[in-house]
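Trainee: I've just opened this one and have no idea where to start. Could you walk me through it?

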Amino acid sequence: MKKQELTKRILVVEDDERLAEMVASFLSDHDFRTTIEGDGGRAVTRILHEEPDLVVLDVMLPAVDGFTICRRVRAGGYAKPILMLTARSADIDEVEGLEDGADDYVRKPVRPRVLLARINALLRRKEAHAPSARVDLGRLVIDPRSRVATLDQQGLVLTDGEFELLLYLARRAGTIVSRDEIYRELRGIEYDGMDRSVDLRISRIRRKLNDTGGTPSIIRSVRGVGYLLAEVV
């Protein structure tokens with residue numbers, strides 16, 4: 001594996017010391033600078049102060065749970081990738097985490113190479129979409145260089161994952177984009193027909209665009225296929 005340019009910093013927020021050490025050691029072996037925080041109460045301060053390139057965040061933590069941490073750091077301006085670890089098989093963990101602004105999730109027991117693949121996909125996403133010409137769709141303007149999206153000249157508060165998905169759709173405005181394409185591009189995996197993460201992210205973006213069922217819709221769902229963003233907003 002090619003060494004990370006300007007080694008990326010990852011904060012692992014996990015109270016299971018054995019698991020945290022295993023994850024940190026594995027990521028360190030793959031050229032990441034990895035630190036550990038086992039207390040949810042301290043995690044918010046560390047994330048906002050240290051600004052790691054990515055956070056691996058457990059759902060079940062003492063003092064403050066992962067969902068609350070995710071909400072607080074997003075509200076505090078942290079926009080870099082958050083990957084959540086969930087131990088439950090129920091979808092509620094994944095759904096709530098994504099609603100709170102997480103970018104992806106991995107189920108426990110953690111398989112190190114799956115975790116590494118998801119981390120690399122999240123970090124590559126920003127690098128792959130290197131600064132380029134802005135996308136101007138009328139009321140909606142997206143500037144990849146400054147990573148700012150505006151609607152009616154008002155800045156949109158988007159997580160890193162939301163920004164990348166909106167930019168991906170905007171670059172293909174007027175074209176139906178399938179879930180398979182979105183998953184391959186933004187998550188690096190094939191769509192399994194069950195995962196709701198893209199749908200949930202679309203729902204959050206729509207709320208921020210105030211695109212809640214009016215006509216015409218900015219982002220239109222194409223039943224059984226995917227999504228289409230209007231050529232002119």
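What follows is a chat about this predicted model.

Trainee: Let's begin with the whole chain. What percentage of the 233 residues count as buried?

Mentor: Keep in mind that this is a predicted model. The protein chain has eight helices and 12 strands. Among contacts between residues at least 6 apart in sequence, 60% join residues at least 24 apart. As for the 233 residues, the buried share is 52%.

Trainee: Now a single residue. Is glutamate 14 buried or exposed?

Mentor: Glutamate 14 sits in the loop between β1 (9-13) and α1 (17-29). Its neighbours by contact, leaving aside residues up to four places away in sequence, include Leu19, Ile36, Asp58 and Lys108. The relative accessible area of glutamate 14 is 3%, and the cut-off is under 20%, so the word is buried.

Trainee: Which side chain makes a polar contact with the side chain of glutamate 14?

Mentor: Start from the residues that glutamate 14 touches, among them Leu85 and Lys108. A polar contact needs N or O atoms within 3.5 Å. At 3.1 Å, the side chain that makes one with glutamate 14 is that of lysine 108.

Trainee: What about aspartate 58: how long is the polar contact between its side chain and that of lysine 108?

Mentor: Aspartate 58 belongs to strand β3 (residues 54-58), and with a relative accessible area of 3% it is buried. Beyond four places away in sequence, aspartate 58 touches residues including Val13, Glu14 and Lys108. The polar contact between the side chains of aspartate 58 and lysine 108 comes out at 3.0 Å.

Trainee: And how far apart are the C-alpha atoms of aspartate 58 and valine 106?

Mentor: Along the chain, these two are 48 residues apart. In space, the C-alpha atoms of aspartate 58 and valine 106 are separated by 9.6 Å.

Trainee: On to helices. Over what arc do the buried residues of α7 lie?

Mentor: Helix α7 covers residues 179-186, and its buried residues are Arg179, Ile182, Tyr183 and Leu186. They fall on the same side of α7, because the arc they cover around the axis is only 95 degrees. There's a general idea behind this: an α-helix has 3.6 residues a turn, so residues three or four places apart point the same way. For α7, then, the arc is 95 degrees.

Trainee: How do α6 and α8 sit against each other: roughly parallel or roughly perpendicular?

Mentor: Helix α6 (residues 160-171) packs on helix α8 (residues 197-208) with their axes 10 Å apart, at an angle of about 85 degrees. Residues making the contact include Leu165 and Leu169 of α6, along with Ile202 and Ile205 of α8. Angles of 65 to 115 degrees fit one class, so α6 and α8 are roughly perpendicular.

Trainee: Last, the open sheet of three strands. Which strands stand at its edges?

Mentor: The order is β10-β12-β11, with antiparallel pairing. For β11 (residues 219-222) and β12 (residues 226-229), that pairing runs over four bridges, and one of the bridge pairs is arginine 220 with leucine 228. Three residues separate these strands in their hairpin, where glycine 224 has a positive phi near 75 degrees. Each edge strand has a single partner, so one side is left without a neighbour in the sheet, and the edges are β10 and β11.

Definitions and conventions
Residues numbered from 1 in each chain as written. Predicted model: local features only at pLDDT ≥ 70, side-chain atom pairs only at ≥ 80, totals over all residues. Heavy atoms only, no water. Pairing = 2+ DSSP bridges. Helix = DSSP H or I, 4+ residues; strand = E, 2+ residues; numbered from the N terminus. Buried < 20%, exposed > 50% of the residue type's maximum accessible area, 1.4 Å probe, protein only. Arc of directions from axis to C-beta. Polar contact = N/O pair within 3.5 Å; in protein donor to acceptor, adjacent residues only side chain to side chain. Contact = heavy atoms within 4.5 Å. Axes fitted to C-alpha atoms, helices over the stretch in contact; angles between N-to-C directions. Parallel < 35°, antiparallel > 145°, perpendicular 65-115°, else oblique.
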